[in-house]
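User: Could you take a close look at one part of this structure for me, the surroundings of the bound ligands? I would also like to hear how the helices there and elsewhere pack.

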Amino acid sequence: MIEVDVSKCKQDKICLAECPMGIIRMGQGEESYPEMVPGGEKVCLVCGHCVAVCPHGAMSHKLVPLEECPPIRKELALDLERAVQFLRSRRSVRVFKEQAVEREKIERLLEIARYAPTGGNSQTVQWTVFTGKEKLRELSATAVEWIRKLVEGGPKPGVPAYMPLIVAGWDAGKDTVLRDAPALLVASCPKENPNGMVDLTLALSYLELAAPTMGLGTCWAGLLQRALMFWEPLKGAVGLPEGHTNHYPMMLGYPKFRYYRLPERRPPRVTWRT
Ligand SMILES: Cc1cc2nc3c(=O)[nH]c(=O)nc-3n(C[C@H](O)[C@H](O)[C@H](O)COP(=O)(O)O)c2cc1C
Ligand code: SF4
């Protein structure tokens with residue numbers, strides 16, 4: 001499964017130390033080179049770390065070929081200050097332009113999101129994409145049906161106090177569920193994936209961090225998520241793949257406004273056990 005170019009290999013054993021599954025060993029004999037332990041292919045994560053970590057370009061993997069792993073370009077590295085501003089300037093966008101989001105841009109974002117880490121490198125995240133304000137408005141309307149039922153008969157334990165405001169807003173023509181966004185992306189994972197919620201959350205996080213580089217903005221659609229968990233008509237309308245009980249929706253569109261400041265957040269609360 002792994003292929004070593006002996007003309008480049010320096011026998012430094014970095015790949016042995018790096019492999020998360022410990023399935024690379026040095027072969028027998030005086031001139032020994034890395035090889036996979038017998039049966040290693042059954043537990044290999046196909047993570048490509050053996051290829052990525054070799055400084056000599058000597059390692060390839062049948063399922064992660066060297067020629068499909070581009071070198072890391074030093075000139076593109078972010079310094080700390082740029083990285084902090086990049087991360088801190090991410091915002092939840094709730095006011096969108098009328099402008100539709102081009103399919104190519106959505107495809108590019110999904111292409112980026114697939115590099116988010118997944119438990120055991122399982123890569124089970126799937127996407128259901130809605131475009132067009134009318135389509136999204138139908139989803140909001142279905143979610144509001146559920147909220148309306150929840151708030152019927154006055155305040156109840158477990159029902160947030162703002163829920164009646166969502167219904168009142170909707171009746172007055174304001175969509176606070178999907179904010180008149182022109183696109184909605186629903187990330188989902190099969191229920192069998194024990195890390196499903198984390199995996200899809202990371203994929204959405206990658207996507208939302210990349211979106212502003214294309215002039216786009218996102219917002220986690222928490223209200224729609226709650227309705228999608230409990231309201232059968234909405235489950236039917238969204239139509240996730242069979243068995244995908246892990247899911248989260250995200251709004252996408254062109255922000256109407258830009259931001260000029262980085263709002264403060266609480267300092268970290270840490271318990272050090274040293
Ligand atoms: C939810 C989650 C749980 C993970 N748990 C472990 C773990 O217990 N041990 C470990 O070595 N790696 C763990 N990983 C790392 C994955 O194996 C890794 O993301 C995957 O192999 C892809 O490699 P990359 O992160 O270098 O792209 C976890 C990743 C995620 C997202
Ligand atoms: S792909 Fe990952 S798990 Fe498989 S041999 Fe390489 S480093 Fe080890």
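Analyst: Happy to help; what follows goes from the ligands to the helices. Please keep in mind that this is a predicted model.

Let's begin with ligand 1. Its shell is made up of C47, H49, P117, T118, G119, G120, N121, N195, V198, D199 and L202. The protein covers 50% of the 620 Å² of accessible area that ligand 1 has on its own. Sorted by class, these neighbours come out as four nonpolar, six polar and one charged. If you want a specific contact to look at, try H49: an N or O atom in its side chain sits 2.6 Å from an oxygen atom of ligand 1. As for secondary structure, the element that gives the most to this shell is helix α7, residues 196–210, which supplies three residues.

Ligand 2 is next. It is surrounded by 14 residues, and the closest are C19, C44, C47, G48 and C50. The class count for this shell reads 11 nonpolar, three polar and no charged. You will have met C47 already, as it is listed in the shell of ligand 1 and among the closest residues to ligand 2.

Now back to α7, to see how it packs. Its partner is helix α4, residues 103–113: the two axes come within 8 Å and cross at roughly 130°. With that angle, α4 and α7 are therefore oblique to each other. The crossing in which α4 passes α7 is right-handed.

Finally, you asked about helices elsewhere, and here α5 is a good one to follow, through two packing pairs. Helix α5 spans residues 133–151, and its axis comes within 9 Å of that of helix α8, residues 222–230, with a crossing angle of roughly 70°. That angle makes α5 roughly perpendicular to α8. The handedness here is left-handed. The other pair joins α5 with helix α6, residues 163–171; their axes are 9 Å apart and the angle is about 135°. In this case α5 is oblique to α6. The crossing of α5 and α6 is left-handed.

Methods. Residues are numbered from 1 along each chain as its sequence is written. Chains are lettered from A and ligands numbered from 1 in the order in which they are written. This is a predicted model: local features need pLDDT of at least 70, side-chain atom pairs count only at pLDDT 80 or more; totals for chains, interfaces and linings use all residues. Side-chain values use heavy atoms; hydrogens and water are left out. A residue is near a molecule or strand if one of its heavy atoms lies within 4 Å of it. A polar contact is a pair of N or O atoms within 3.5 Å; within protein, one must be able to donate a hydrogen and the other to accept it, and residues adjacent in sequence count only if both atoms are side-chain atoms. Accessible areas come from the Shrake-Rupley method with a 1.4 Å probe; for residues, only the protein chains shown count as cover. Helices (H or I, at least four residues) and strands (E, at least two) are DSSP runs, numbered from the N terminus. Ala, Val, Leu, Ile, Met, Phe, Trp, Tyr, Cys and Pro count as nonpolar, Asp, Glu, Lys and Arg as charged, and the others, Gly among them, as polar. Axes are lines fitted to C-alpha atoms, for helices over the stretch in contact, and angles run from 0 to 180 degrees between N-to-C directions. Angles under 35 degrees count as roughly parallel, over 145 as roughly antiparallel, 65 to 115 as roughly perpendicular and the rest as oblique. A crossing is left-handed if the near helix is turned anticlockwise from the far one by less than a right angle, and right-handed if clockwise.
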